[in-house]
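Student: Could you walk me through this one? I'd like to start with the ligand and then change topic.

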Amino acid sequence: MLIVLKPGVTQDEIDHIVEKIKSLKLNPHVSTGVQRTIITVIGDEDIIREQPLEALAGVESVKSILRPFKLVSKETHPDRTVIKVGDVEIGGPRVVVMAGPCAVEGEAAVVEHARMIKKAGAKMFRAGAFKPRTSPYSFQGYGREGVMFMVAARQETGLPFVTEVMDPRDVEFLAEHADMMQIGTRNMQNYNLLKEVGRMRTPVLLKRGMNATINEFLMSAEYILAQGNRNVILCPRGIRTFEDITRNTLDAGAVPVVKELSHLPVICDPSHAMGIRDYVIPAGLAYIAAGADGLIVEAHPNPEDATSDGQQTVNYEQLTDLIARVNKVAKAIGRDCY
Ligand code: PEP
Ligand code: MN
C-alpha cells in the first residue's frame with residue numbers, strides 16, 4: 001500500500017503514522033521526495049484496508065501499489081535515486097564511466113591499471129577478485145587478497161572501486177573494503193546473496209541475468225531493497241538470444257523501460273553485452289543514448305595479455321576515445337559527463 005502524505009506534513013504527523021503502521025505489525029518505508037513524502041507499507045493489504053488511515057492527520061490518500069516490485073517502483077519513489085560513491089554521483093545529471101580489467105592481475109598491475117583508467121578519464125575502477133569462470137579449471141581470481149590490492153590502488157589514485165561478490169560469506173568483508181559490490185549475471189537470482197547484500201548499506205551494482213526478463217531483474221532488486229539497502233544500481237549487460245556472432249544481444253531497449261518503471265540508477269556494461277572489443281564503443285554509445293546513467297567497461301593496457309575476457313577488453317586509446325564520445329552523446333541528449 002502507498003500512503004501519500006499531504007504537502008507540508010509535519011515530522012510529528014509522519015512519526016504518528018509510522019507508529020500506527022508498526023502497531024499493526026507492518027513495516028513502513030518512508031521516502032521523502034522533493035514534492036511529496038510517501039510511506040510504502042509491505043504486507044497483508046487486508047490489515048491496512050480495514051484501518052481508517054485516511055483519517056490520520058497528514059494523510060492525503062491510501063492506494064494499492066500496482067507493480068510486484070514495490071520499493072523499486074517509481075510509484076513509491078517518484079524522484080530519481082542518486083547514489084553517491086566517493087565523490088561520484090550515480091544517477092544524477094552527469095553520466096559516469098567505470099573501467100578496468102575483467103580480473104585483478106596482481107598488486108602492481110592493479111595500481112598501474114587504476115592509474116591508466118584514471119588518466120583516460122574514467123571515474124571509478126572495476127576489477128574482479130572473485131571470478132565466476134565457466135570452467136572450474138580456469139583462474140578463479142585472487143580472492144580477498146585481490147580486494148586488498150584494489151584498496152591499495154584506491155589509496156594511490158583516489159578512485160573508488162566496484163568488485164563482484166559471489167559468496168554470502170564474503171559480503172561483510174566486501175562491504176567493509178569495497179566502494180560498491182557487484183552481483184554478477186549468474187547470481188542475479190541467488191536470493192540468499194541478494195538478502196545478504198541487502199543487509200549492508202554499501203551500494204550494489206546488480207547485473208541483469210543473461211536469461212532474465214525485466215520483471216525478474218526488478219524483482220531481484222526488490223530483494224535487496226526489501227532488506228533495507230536502497231543503494232542499488234541496475235546493470236543491463238546483454239542477454240542471450242539466438243544470435244551467436246556477438247557474445248550476447250545488446251539490451252539497450254531495457255534502459256528506457258527500467259527508467260520508466262523504477263527510480264534506481266542504471267549503469268550498462270557494453271563489454272559483456274557484445275563480447276568483441278570493436279563493438280564495445282558503439283554499444284556503449286547506444287546505451288548512453290537510450291538514457292543510461294553511465295557505463296562499466298573492461299579496459300586493459302594490453303588486452304591480449306589480460307587474464308580473462310581479453311577479446312572484449314578495450315585498450316587505453318579506445319577507452320579515451322569512448323569517454324570523449326560518451327561526453328558528446330551525453331551533451332546531445334541534454335546531459336553532461338564526469
Ligand atoms: C564481469 O563484470 O567481469 C562479469 C563477470 O560480468 P557478468 O556477471 O555480467 O558476466
Ligand atoms: Mn569479464
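**Around the ligand**

Tutor: The residues near ligand 1, meaning those with a heavy atom within 4 Å of it, are C102, R126, K131, E164, Q182, G184, T185, R186, K207, R237, H272 and E298. This is a predicted model, in which local features need pLDDT of at least 70, side-chain atom pairs count only at pLDDT 80 or more, and totals for chains, interfaces and linings use all residues. Residues are numbered from 1 along each chain as its sequence is written, chains are lettered from A and ligands numbered from 1 in the order in which they are written, and side-chain values use heavy atoms, with hydrogens and water left out.

Student: How far is the polar side-chain atom of R237 from an oxygen atom of ligand 1?

Tutor: That distance is 2.7 Å, while for K207 a side-chain N or O atom lies 2.9 Å from an oxygen atom of the ligand.

Student: OK, new topic: how many salt bridges are there?

Tutor: There are 16 salt bridges, counting a side-chain nitrogen of Lys or Arg within 4 Å of a carboxyl oxygen of Asp or Glu.

Student: Which residue does R115 form a salt bridge with?

Tutor: R115 pairs with E156, their closest N and O atoms being 2.8 Å apart. The pair links distant parts of the chain, 41 residues apart, with R115 in helix α3 (residues 107-120) and E156 in helix α4 (residues 144-157), where helices are DSSP runs (H or I) of at least four residues, numbered from the N terminus.

Key: A polar contact is a pair of N or O atoms within 3.5 Å; within protein, one must be able to donate a hydrogen and the other to accept it, and residues adjacent in sequence count only if both atoms are side-chain atoms. Helices (H or I, at least four residues) and strands (E, at least two) are DSSP runs, numbered from the N terminus.
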